[in-house]
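Hi,

Here is the structure I promised to send over. Have a look at it first, and my notes on the salt bridges follow below.

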Amino acid sequence: MDGISYVDVGDGPVSLFVHGVGTSSYLWRNVIAEFRDERRCVAIDLPLHGGSASRDDLSIPALAGAVEELCAGLGLDQVDLVANDTGGAVAQVFAVRHPERLRSLTLTNCDVHTNTPPDAFKPTVELAAGGELAALTAVALEQPELLVHTAFGDGYERIEDPADLVDHYLRPILDKPGGGQAFERLLTSIDAEDMVAIEPQLAELTVPTLVVWGTGDVFFDVSWAYWLRDTIPGVKEVVEIEGGRLFFPDERAGELVPHLRRFWG
């Protein structure tokens with residue numbers, strides 16, 4: 001669990017939340033606020049993000065390894081796992097490695113199978129591959145209003161407080177020594193081969209699974225929610241959040257919470 005930062009609040013059954021690339025555990029604050037009086041809510045900062053240190057290997061399987069370390073370090077034997085964006089890919093890898101640790105799995109808009117990374121995000125990955133993304137991202141630290149012109153602008157329906165997101169998402173990455181270059185390396189490590197490789201194991205995954213998908217997402221089309229339903233035997237239901245974008249678990253948490261409560265109940 002070396003160098004892994006996390007949020008850990010409340011008591012009761014454990015809900016474990018996993019964010020995606022370029023965000024942090026802060027993504028889940030509104031969901032956690034609803035559950036902290038009835039459950040133990042744990043939200044990881046994946047390596048490089050939030051308060052967590054960077055690592056040499058930032059691939060999806062390696063990030064899943066960090067989740068494994070957190071569970072082992074905190075003694076989390078049974079969790080309700082909830083994930084978004086790249087964290088959904090991480091959660092899928094974790095789930096096929098450790099189905100015995102999962103009471104349930106909830107996937108929101110995320111990387112699935114060959115849509116890893118999604119086409120709409122590939123220009124950002126190309127900037128990272130060319131070594132140009134770190135400098136461009138650094139500009140947003142001083143001019144947070146520029147966030148609306150990045151992938152974040154596509155991921156949110158509206159960004160009410162760009163400075164707040166910069167401070168909780170981007171600044172912790174870029175403030176780390178070599179953080180900008182590590183961020184570029186992370187983006188270029190996202191590989192569909194890692195997801196295609198686990199398809200046979202997903203097809204045997206009987207852990208109770210809920211899929212909640214925003215229908216207004218330019219990155220992860222709702223068709224991928226139904227790919228998950230048709231592939232994972234444990235999927236009980238697909239819930240569509242009308243017009244929800246990638247980060248709806250943050251800005252429309254009130255619409256996710258009732259489905260989680262019903263599913264867990």
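Searching the whole structure, which is a predicted model, turned up 13 salt bridges. Here are three of them, plus a small network.

Let's start with Glu-38 and Arg-261, which form a salt bridge with their closest N and O atoms 2.9 Å apart. This one links distant parts of the chain: Glu-38 sits in the loop between helix H1 (29-35) and strand E3 (40-45), while Arg-261 belongs to helix H13 (residues 253-264), 223 residues apart. Both ends are partly exposed: Glu-38 has a relative accessible area of 38%, and Arg-261 comes in at 36%.

Right beside Glu-38 in the numbering is Arg-39, which pairs with Asp-80, and here the closest N and O atoms are 2.2 Å apart. Again distant parts of the chain are linked, with Arg-39 in the loop between H1 and E3 and Asp-80 in strand E4 (residues 79-85), 41 residues apart. Arg-39 and Asp-80 are both buried.

Then there's Glu-157 with Arg-252, a side-chain salt bridge at 2.8 Å, N to O. Glu-157 is in the loop between helix H6 (151-155) and helix H7 (162-174), and Arg-252 is in the loop between helix H12 (248-251) and H13, so this pair ties together parts 95 residues apart in sequence. The two ends differ in exposure: Glu-157 is partly exposed at 28% relative accessible area, whereas Arg-252 is buried at 16%.

As for the network, salt bridges with shared partners join Arg-39, Asp-80 and Arg-103 into one.

Cheers

Methods
Residues are numbered from 1 along each chain as its sequence is written. This is a predicted model: local features need pLDDT of at least 70, side-chain atom pairs count only at pLDDT 80 or more; totals for chains, interfaces and linings use all residues. Side-chain values use heavy atoms; hydrogens and water are left out. A salt bridge is a side-chain nitrogen of Lys or Arg within 4 Å of a carboxyl oxygen of Asp or Glu. Helices (H or I, at least four residues) and strands (E, at least two) are DSSP runs, numbered from the N terminus. Buried means under 20% relative accessible area, exposed over 50%, partly exposed in between (1.4 Å probe, protein chains only).
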